[in-house]
Amino acid sequence: MSPLLDLAGIFVFALSGALQGVRKRLDVVGMAVLAFFTAVGGGVMRDLFIGVQPAAFRDMGYLLVPIAATAIAFFWHPQVERAMPGVMVFDAAGLGLFCAVGTAKALHHGLAPPHAVFLGVCTAVGGGVIRDVLSGERPTLLYDRQLYAVPAMLGSTAMAVLYALDVRGFIATLSSAVLAFAFRILAMRYGWRAPLARGISGPR
């Protein structure tokens with residue numbers, strides 16, 4: 001697992017949280033809090049399940065990177081929004097990176113592939129759920145049947161398969177992350193939705 005990719009995931013999720021803070025008209029402290037918990041929430045859950053000290057509480061990078069993302073969103077949010085249309089693009093990038101990194105860490109600690117895939121999904125979606133709850137939004141994971149956990153599960157499964165084939169490190173992590181990211185972007189672009197139970201109507 002590459003620390004650089006891990007911090008890249010922290011950054012894009014933190015930027016997602018900070019931009020959400022801008023949209024909700026939070027002050028800089030509120031933006032920083034939202035950025036931090038968006039960035040590390042899923043990873044903290046993963047580490048607690050694995051039984052290790054959360055990396056967010058022993059590495060300064062996990063604190064400094066969300067602060068940097070907050071500063072970027074605070075001073076240059078109009079430019080950031082124009083460069084990457086919509087906060088969900090950052091969210092999709094974080095989703096892909098975190099599902100791959102989370103699965104890789106779980107596998108590294110000896111978990112069976114199905115359990116590692118589950119923790120990879122938790123790593124990917126946990127921060128986004130915390131962001132939505134803290135900002136007063138319905139969690140994207142549950143709202144409007146959007147495919148959110150499914151791309152994370154696809155990326156996590158790809159990571160587990162590559163790990164079993166002894167393809168590891170940067171190539172495996174990046175490939176799995178790109179797969180999940182691409183699927184999430186396509187789902188948003190074409191409006192793919194999860195099916196409802198028969199006879200149930202839902203929001204469009």
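The following conversation takes up a predicted model and asks what lies behind the terms used for its residues and helices.

Biologist: Why is Ser176 called buried?

Modeller: Its relative accessibility is 0%, and buried means under 20% relative accessible area, so Ser176 counts as buried. The residue is found in helix H7, which covers residues 170–190.

Biologist: What makes the approach of the Ser176 side chain to the backbone oxygen of Ala172 a polar contact?

Modeller: The side chain of Ser176 reaches that oxygen of Ala172 at 2.9 Å, and the cut-off for a pair of N or O atoms is 3.5 Å, so the distance falls within it. The side chain of Ser176 also reaches the backbone nitrogen of Met159, here at 3.3 Å. Once residues up to four places away in sequence are set aside, Ser176 touches Ala100, Gly155, Ala158, Met159 and Leu162.

Biologist: Thr103 is another residue to examine; why is Thr103 called buried, and which helix holds it?

Modeller: Thr103 lies in helix H4, residues 87–108, and its relative accessibility of 0% is set against a limit of under 20%, so Thr103 counts as buried. A polar atom of its side chain lies 2.7 Å from the backbone oxygen of Cys99. Leaving aside neighbours within four places in sequence, Thr103 is in contact with Ala116, Val117, Gly120, Ser156, Met159 and Ala160.

Biologist: How do you know that the end-to-end span of H5 agrees with its number of residues?

Modeller: Helix H5 runs over residues 113–134 and has 22 residues, which at 1.5 Å a residue should span 32 Å; its end C-alpha atoms are 32 Å apart, and therefore the two values agree. There is nevertheless a kink of about 35 degrees in H5, centred on Val125, and just after this helix Gly136 takes a positive phi of about 80 degrees.

Biologist: What does the corresponding reasoning give for H2?

Modeller: The 23 residues of H2 should span 33 Å at 1.5 Å a residue, and the end C-alpha atoms are 33 Å apart, so the expected and computed spans agree. H2 bends by about 45 degrees at Val40. Just after H2, Gly51 takes a positive phi of about 95 degrees.

Biologist: What makes Asp27 a cap for H2?

Modeller: A side-chain oxygen of Asp27 lies 3.1 Å from the backbone nitrogen of Val29, at the N-terminal end of H2, and that distance is within the 3.5 Å allowed for a polar contact.

Biologist: Why is Thr38 called buried, and which residues is it in contact with?

Modeller: At 1% relative accessibility, against a limit of under 20%, Thr38 counts as buried. It lies in helix H2 and, apart from neighbours within four places in sequence, is in contact with Phe13, Gly17, Gly127 and Arg131.

Biologist: Why is Arg25 called exposed, and what is noted about its phi?

Modeller: Exposed means over 50% relative accessible area, and Arg25 has 78% relative accessibility, so it counts as exposed. Arg25 is found in the loop between H1 and H2, and its phi is near 60 degrees, a positive value in a residue other than glycine.

Biologist: Is Asp166 buried or exposed, and where does it lie?

Modeller: Asp166 has a relative accessible area of 57%, which is set against the limit of over 50%, so it is exposed. It lies in the loop between H6 and H7, and its phi, near 65 degrees, is a positive value in a residue other than glycine.

Biologist: Which residues have the most contacts inside the largest nonpolar core?

Modeller: The largest nonpolar core has 37 residues, and those with the most contacts inside it are Ile10, Leu15, Val40, Ala124, Val125 and Ala152. At least two residues of this core come from each of H1, H2, H3, H4, H5, H6 and H7, and H1 gives the most, with eight residues. A second, separate core of seven residues includes Leu107, Ala116, Val117 and Leu119.

Biologist: How many helical residues, as a percentage, does the transmembrane region listed by UniProt at residues 30–49 have?

Modeller: The unreviewed UniProt entry places one of its "transmembrane region" features at residues 30–49; in the model this span is 100% helix and 0% strand, and its end C-alpha atoms lie 28 Å apart.

Notes
Residues are numbered from 1 along each chain as its sequence is written. This is a predicted model: local features need pLDDT of at least 70, side-chain atom pairs count only at pLDDT 80 or more; totals for chains, interfaces and linings use all residues. Side-chain values use heavy atoms; hydrogens and water are left out. Helices (H or I, at least four residues) and strands (E, at least two) are DSSP runs, numbered from the N terminus. Buried means under 20% relative accessible area, exposed over 50%, partly exposed in between (1.4 Å probe, protein chains only). A polar contact is a pair of N or O atoms within 3.5 Å; within protein, one must be able to donate a hydrogen and the other to accept it, and residues adjacent in sequence count only if both atoms are side-chain atoms. Contact means heavy atoms within 4.5 Å. The expected span of a helix is 1.5 Å times one less than its number of residues. The bend at a residue is the angle between axes fitted to the seven residues ending there and the seven starting there. A nonpolar core is a set of buried Ala, Val, Leu, Ile, Met, Phe, Trp, Tyr and Cys residues joined through side-chain atoms within 4.5 Å. UniProt positions are given in the numbering used here, feature names are shortened, and annotations may be inferred rather than shown by experiment.
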